[in-house]
Every structure is written in structure tokens, then in C-alpha cells.
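Q: Please take one part of this structure and describe it closely, explaining where it sits and what it pairs with.

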Amino acid sequence: MGTDTNYVIQAFLDKRPLVYGHRGSRAYAPMNTIPAFELAIQQGADGIELDVQLSADRELVIIHDFTVDGTTDGTGAVRDLLFAELRELNAAARFSPMAEPLQGHIPHYPFIMIPTLEEVFSLVKDRAPADFIVNVEIKAPYCTASGGFADSDFTNGGTANSDAADNNGIEALVADCIDRYDMARNVIVSSFNPPTLKRFKELKPSIPVGFLVEEASPPYTTTLIDQYLPDIAGKSGHEAWHPRYSMVNPELVAAERNRGRLTQVWTVNDPQLARDLVSWGVTGIITDMPDRIKI
Ligand code: G3P
Ligand code: CA
């Protein structure tokens with residue numbers, strides 16, 4: 001491959017497994033914060049996974065739920081809050097460690113701001129190896145069977161939030177941020193929402209996208225991804241399959257590879273399970289505990 005090959009694609013071609021810190025090193029630091037991402041880098045992860053949404057004034061903020069209630073000391077929908085309001089909230093307010101790290105200890109986190117995508121890219125540029133990967137999940141609810149949005153029809157992360165997922169322009173802002181930080185080789189974009197992936201792919205065809213699925217995903221989303229991002233001339237329209245690990249078996253991983261697609265699974269915190277999944281041909285292991293998953 002050329003010298004500008006995306007690092008995820010290169011790992012797939014080289015059959016080299018990747019370990020990602022899920023929302024950073026989430027077991028040991030408040031999820032989706034700079035300390036959690038820094039810790040994943042320190043613990044030797046190959047990359048991080050994060051969740052991006054838009055504030056009311058269209059800043060790209062890193063937070064998982066559609067409301068701030070679950071992780072901060074505030075209340076309300078992310079899309080209804082101004083960036084300045086979000087930055088006043090404490091993203092460490094509800095942190096509860098899942099375990100002690102294998103090395104070091106968990107410090108007290110009195111206050112951490114919700115970070116921006118720019119800040120994460122800047123951290124990676126400054127502190128991570130050149131081939132460090134950022135899996136940017138564009139947080140979006142499930143689409144409807146026709147590719148639109150149903151206010152009442154999603155489970156992945158909070159209350160209904162139509163504009164947050166339905167063509168609010170987040171894909172273009174993510175693409176622009178990737179360009180400004182020269183991160184095209186380092187990024188893979190994922191989403192549960194096929195229209196979101198299609199919109200991003202139209203803007204940045206060279207950046208791989210991963211289709212997220214979980215047991216609760218409506219089956220039509222799997223049909224839609226093939227309609228929205230079809231194979232063209234034998235090349236898959238989407239480069240990666242990102243299922244919950246419990247949905248995977250060796251035959252499915254092999255079938256994806258035969259279609260030119262890599263598989264990255266979440267959330268795997270058991271080292272033996274991670275080794276088994278890699279032996280089945282899985283490329284990416286997304287874990288809360290990157291210090292424990294060494295393959
Ligand atoms: O990207 C993998 C995983 O993070 C998707 O689910 O709910 O943890 O964002 P969730
Ligand atoms: Ca996620």
C-alpha cells in the first residue's frame with residue numbers, strides 16, 4: 001500500500017491486532033475526558049474510541065449520552081446546551097472506577113471539563129505515537145427503516161434527540177476537524193446510524209468507516225448500510241464492522257474479511273476473550289482496560 005494508507009487499514013492488511021481504550025482508559029479515569037485518553041496512551045493502547053456530539057452552538061464535544069445527567073453535575077440535553085455551559089460542568093462528577101490499574105493508582109479528579117474533538121486530536125498529536133488511532137463514534141440514535149429518524153425509536157444513550165442525529169451537519173464539522181489536524185491516516189469514523197456514515201463517506205471517501213451493531217439494533221439498519229454504502233467494483237462501501245463482541249463468531253469475521261472488511265469489537269475487558277477474538281481474525285479490541293489487554 002502507499003505511504004498514506006490509513007493506519008487501521010494497514011493493521012488489517014498486516015493482520016496486526018489493535019487495542020483501543022473505550023472512551024479512553026475508562027475503567028480508571030472519567031470516561032471521554034483528556035485524563036482518560038492520556039492514560040490510554042500511557043498504557044500502550046494502539047488507539048482510543050470516543051463519542052462526539054454537537055453543542056447548541058455547534059461545537060464538537062466528547063460525551064457519550066445525549067444528556068449530560070449521567071456523567072456530569074448538570075442536567076439537560078447536550079444539543080440544548082451552549083458550549084460555554086457544557087464547559088462549566090464537571091465530567092468527573094459521576095466517575096466510579098471499575099478496578100485499580102495494574103500500575104499506578106487512581107488519583108482524585110476534582111474537576112474535568114468536557115473536551116472538544118480538537119483538544120483530543122491535539123493531545124494525540126503531542127503525546128501519542130504517529131500511528132495512534134482515534135475511533136470517532138458520531139453519536140446518533142438508530143435511524144428509521146426508511147433512513148430517517150424516529151424520535152421515540154432508539155436506545156443507545158439517552159432521550160430522543162432528532163436534530164442531533166438527523167442531518168445536523170456534524171459529519172462536515174468532524175471532517176473539517178480531521179483535516180485541520182491532519183488526522184486522516186489516524187481516524188476511523190463509526191456510527192450505529194447508516195445515513196450518518198453515508199454523509200461522512202461522501203465528504204471523506206478515503207477515511208474508513210465502521211458500522212456499529214448491537215443486539216438491540218433494528219435489523220433493517222444492516223440492510224440500510226448495504227444500500228447506503230454499497231460495494232462498488234468489488235470494493236466494500238464501508239471498511240469495517242463494529243459489533244458488540246457477543247455477536248461475533250469465526251465464520252462471520254471470515255465472511256467480513258472476504259468482503260474486504262475488518263472487524264472491531266466492543267467492549268472486551270477479559271484478556272483471554274480478547275486473545276480468542278483475535279485468533280478468529282478480529283482486528284480491533286475496544287476495551288475499558290487497555291493495560292490488561294495485551295495481545
Ligand atoms: O464504539 C463502540 C461502543 O462504544 C459503542 O457503544 O454505547 O459504548 O458508545 P457505546
Ligand atoms: Ca462509543
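**A close look at strand β2**

A: In this predicted model, both faces of β2 are covered. On one side G47, E49, D51 and Q53 are buried, and on the other side I48, L50, V52 and L54 are buried as well. A residue counts as buried here if 20 or more other C-beta atoms lie within 10 Å of its own. Strand β2 spans residues 47–54, and because eight of its eight residues are buried, the strand is largely enclosed by the rest of the structure.

The pairing partners of β2 may now be taken in turn. Strand β1, residues 18–22, pairs with β2 in the parallel sense over three bridges, and G21 stands opposite I48 in β2. Between these two strands the chain passes through helix α2, residues 34–42, and the resulting β-α-β crossover from β1 to β2 is right-handed.

Strand β4, residues 133–138, also pairs with β2 in the parallel sense, here over six bridges. In this pairing E49 of β2 stands opposite N135 in β4.

The pairing with strand β3, residues 60–62, is antiparallel, and three bridges join it to β2. Here Q53 stands opposite V61 in β3. Strands β2 and β3 form a hairpin, with five residues between them. Within that turn, R58 has a positive phi of about 70°.

To bring the picture together, β2 pairs in the parallel sense with β1 and with β4, whereas β2 and β3 run antiparallel.

Key
Residues numbered from 1 in each chain as written. Chains lettered and ligands numbered in written order. Predicted model: local features only at pLDDT ≥ 70, side-chain atom pairs only at ≥ 80, totals over all residues. Buried ≥ 20, exposed ≤ 12 C-beta atoms within 10 Å, placed from the backbone. Helix = DSSP H or I, 4+ residues; strand = E, 2+ residues; numbered from the N terminus. Pairing = 2+ DSSP bridges. Right-handed = clockwise from strand over helix to strand, strands pointing away.
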